[in-house]
Amino acid sequence: MHMPPALAPALPAGEAGQPYYLPSRTAAPAPPVPAPAPSWQRQQRRAYGWGLYPALIVLALITLAPLITLVVVSLTPLSLTDPAGTFHFRDPLGNYRQLLQDPRFLHSLWVQFQLSSVGVTLQLLTGLGIALLLHGRSKVLGAVRSLFLIPMVLPPIVVALIWKILYTPDISPLHQALDALGWPLRSLIANPDTALWAVVAADTWQWFPFTMLMVLAALQMIPDDPLEAARMDGANRWQLFRFIVFPHIRAVLLVCALFRLIDSFKAFPLLYVLTNGGPGTVTEVTNFYGFIQAFNFSFWGYGSAIALVMLAGVFVLSALVSRLGREGAHDAR
């Protein structure tokens, strides 16, 4: 059937003699989407990284390089008297086997054990007792607490010189006072029976404020309600301490004990100034014996092995500190 011209679709005419094609219905390609700008957190992390990486690199150089050197040297019998002939790796574990057969090294471990165990125990007991006495909100107690912190902030060499004067009979005010009272006293650091305990007394005097400060902070965190309730029930001071106060500060005491135990391995200035490891080897602890082997006898390989054994022990104690610190924080929550 023929469609009328009026009803036929009006199509624009193409060029002469050329067929007309309808435009394609395919959508035009979308413009490229720009990459999202980095978020603020990403930029912040990047800035922190650029500021932190140089410090980490320097820290790695000044810590890892000496540690690697210590490990390498400990595997050799290096001696400064013959460095070319003793720097070899024919028997890498020879120094460590020699340590197990060295009676002087084993004796130094025993001396270190006595110094650490007795010293840390006295520091804990003294610090705890003084913290309980000074616990309060009085201005006078605050001033007294500040005075007790003085020994802890003094340099170790200054503390050693103070106690050197106290232990020297010719110039010691303590010895002069005892002589005036008719109680003459021999030098404690020259007597083999008292030299180690004289060092323990000096170490305790310097570091008991650390325990005192930590315990005082823990005592201030104890809530008042359990204490008031126990007092109303007729509890005495010992019962208050045993059943309420001590459970709250037990984790703090453990952390203090382990921190001081680690630091007791570094009691070198006291020993060097007061006794120099003597009389004989009575006060010769492990780090002092390693110092003698490395710097007095020039056995750097053997001294490095001693230092590495001590370092391993300190790492073990540090792991215990970290674990007990996490447990204490968990208990506090």
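In this predicted model, one aromatic cluster brings together F268, Y272, F288, F291 and F295. Across the whole structure, the search turns up 14 aromatic pairs. One of them joins F87 and F89, whose rings meet edge-to-face, with 5.7 Å from centre to centre and 70° between the planes. As for solvent, F87 is partly exposed at a relative accessible area of 41%, and F89 is likewise partly exposed, at 43%.

W163 and W205 make up another edge-to-face pair, with centres 5.9 Å apart and planes at 70°. Here the sequence positions are worth a look: W163 sits in helix α7 (residues 156-167) and W205 in helix α9 (residues 195-219), so the pair ties together parts that lie 42 residues apart in sequence. On the exposure side, W163 counts as buried because its relative accessible area, 14%, falls under the 20% cut-off. W205, by contrast, is partly exposed, with a value of 29%.

Now for the helix packing, starting with α9. Helix α9 packs against helix α11 (residues 237-263) at an angle of about 145°, and the two axes are 9 Å apart. The crossing is right-handed. On the α9 side, the contact is built from D203, W207, F210, T211, M214, V215, A218 and L219; α11 supplies V245, I249, V252, L253, C256, F259 and R260. Sorted by class, the residues of this contact come out as twelve nonpolar, one polar and two charged.

Helix α11 also meets helix α4 (residues 103-134), with axes that come within 11 Å and cross at roughly 140°. That angle makes α4 oblique to α11, because it falls short of the 145 degrees above which a pair counts as roughly antiparallel. This crossing, too, is right-handed. From α4, the contact draws on S116, V120, Q123, L124, L128 and L132, while α11 contributes F241, I249, L253, C256, A257, R260 and L261. The class breakdown for α4 with α11 is ten nonpolar, two polar and one charged.

Put side by side, the two contact lists show some α11 residues doing double duty. I249, L253, C256 and R260 touch α9 and also appear in the contact with α4. On the α9 side of the picture, W205 pairs with W163 of α7, whereas W207 belongs to the contact with α11.

Terms used. Residues numbered from 1 in each chain as written. Predicted model: local features only at pLDDT ≥ 70, side-chain atom pairs only at ≥ 80, totals over all residues. Heavy atoms only, no water. Phe/Tyr/Trp six-rings, centres within 6.5 Å; stacked < 30°, edge-to-face > 60°. Buried < 20%, exposed > 50% of the residue type's maximum accessible area, 1.4 Å probe, protein only. Helix = DSSP H or I, 4+ residues; strand = E, 2+ residues; numbered from the N terminus. Axes fitted to C-alpha atoms, helices over the stretch in contact; angles between N-to-C directions. Left-handed = near helix turned anticlockwise from the far one by under 90°. Contact = heavy atoms within 4.5 Å. Nonpolar A, V, L, I, M, F, W, Y, C, P; charged D, E, K, R; others polar. Parallel < 35°, antiparallel > 145°, perpendicular 65-115°, else oblique.
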